[in-house]
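Work through these exercises with the model open beside you. Try each task before you read its solution.

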Amino acid sequence: AVAIFTAKQRLAFCNTAYRQLWGLDPAFLDQEPTDSAILERLRAERKLPEQADFRQWRNQLFEAYRALEPREHWWHLPDGRTLRVVTTPNPEGGVTYVFDDVTKQLELERRYDALIRVQGETLDNLAEAVAVFGSDGRLRLFNPAFTGMWRISPALLADRPHIENVIELCRPLY
């Protein structure tokens, strides 16, 4: 979703994704409202992140109009979505906002991290020695039974060595 504001902080352009993201009335957007008016409407509709001091939060966001470099913000919305917001100052004094809904991506990362934790805990509690190597030949997972059986310090495996290096570490007991 993209919205472009002029140096006078008035909406100059927004795409359909922006309208849909916020559920804003096209007639309202066609009036070229100010950045502040849009934020106030979104706040009234409880679509923006909750802020202890909304005025200060808004003023910090509006620093983009005077900035020289793009800035990234993370907004955790009341409806559970998470947006990555990039504000890019325009040479003429305006600002371009790019909103990226990263909710699904973050959920997938959380699930993946949870799966890896469960997998690691399962491996750690196995009595059998286990070492898993990736298609690139590098160690991906190992358990305490593996390091105990081969008398290898876990620190030596922390950098995910190649299988050839692991074989060399195991060779004294082989």
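The exercises below cover confidence, the sheet, the rings and the cysteines.

This is a predicted model, in which local features need pLDDT of at least 70, side-chain atom pairs count only at pLDDT 80 or more, and totals for chains, interfaces and linings use all residues. Residues are numbered from 1 along each chain as its sequence is written, and side-chain values use heavy atoms, with hydrogens and water left out.

**Exercise 1. Confidence**

Task: Find where in the chain confidence is lowest and where it is highest.

Solution:
- Start with the term: pLDDT is the predictor's confidence in each residue, from 0 to 100.
- Take the chain average next. The mean pLDDT is 93, and 100% of the residues score at least 70.
- Now go element by element. Helices (H or I, at least four residues) and strands (E, at least two) are DSSP runs, numbered from the N terminus.
- Helix 5 (residues 103–124) has the lowest confidence, with a mean of 85. Strand 1 has the highest, at 97.

**Exercise 2. The sheet**

Task: Work out the order of the five strands in the open sheet, and name the edge strands.

Solution:
- Two strands pair if DSSP finds at least two bridges between them.
- Begin with strand 1 (residues 2–5). Four bridges tie it to strand 5 (residues 95–101), and the two run antiparallel. One contact to look for is Val 2, whose bridge partner in strand 5 is Val 98.
- Move to strand 4 (residues 82–89). Seven bridges pair it with strand 5, again in the antiparallel sense. Here Leu 83 has Asp 101 of strand 5 as its bridge partner.
- Look at the connection. Strands 4 and 5 form a hairpin with five residues between them. In the turn, Gly 93 has a positive phi of about 105°.
- Add strand 3, which is joined to strand 4 by six antiparallel bridges. His 76 is bridged to Thr 82 of strand 4.
- Put the parts together. The order is 2-1-5-4-3, with antiparallel pairing. Strand 2 (11–14) and strand 3 (71–76) are the edge strands, since each pairs on one side only. From one strand to the next, the twist averages 20°.

**Exercise 3. Aromatic rings**

Task: Decide whether the rings of Tyr 18 and Phe 99 are stacked, tilted or edge-to-face.

Solution:
- Know the rule. Rings of Phe, Tyr and Trp (its six-membered ring) pair if their centres lie within 6.5 Å; planes under 30 degrees apart count as stacked, over 60 as edge-to-face and the rest as tilted.
- The count by this rule is nine aromatic pairs.
- Apply the rule. The centres of Tyr 18 and Phe 99 are 5.8 Å apart and the planes are at 45°, so the pair is tilted.
- Place the two residues. Tyr 18 lies in helix 1 (residues 16–22) and Phe 99 in strand 5, 81 residues apart.
- Check burial (buried means under 20% relative accessible area, exposed over 50%, partly exposed in between, with a 1.4 Å probe and protein chains only). Tyr 18 has 3%, so it is buried. Phe 99 is buried too, at 9%.
- Try a second pair. Trp 22 and Trp 75 are tilted, at 6.2 Å centre to centre and 50° between the planes. Trp 22 is in helix 1 and Trp 75 in strand 3, 53 residues apart.
- Finish with the cluster. Ring pairs link eight residues, including Phe 5, Phe 54, Trp 57 and Tyr 97.

**Exercise 4. Cysteines**

Task: Count the disulfides, and say whether Cys 14 is buried or exposed.

Solution:
- A disulfide is a pair of cysteine sulfur atoms within 2.5 Å.
- The structure holds zero disulfides.
- Cys 14 has 9% relative accessibility, so it counts as buried. Cys 170, at 10%, is also buried.

Key
Axes are lines fitted to C-alpha atoms, for helices over the stretch in contact, and angles run from 0 to 180 degrees between N-to-C directions.
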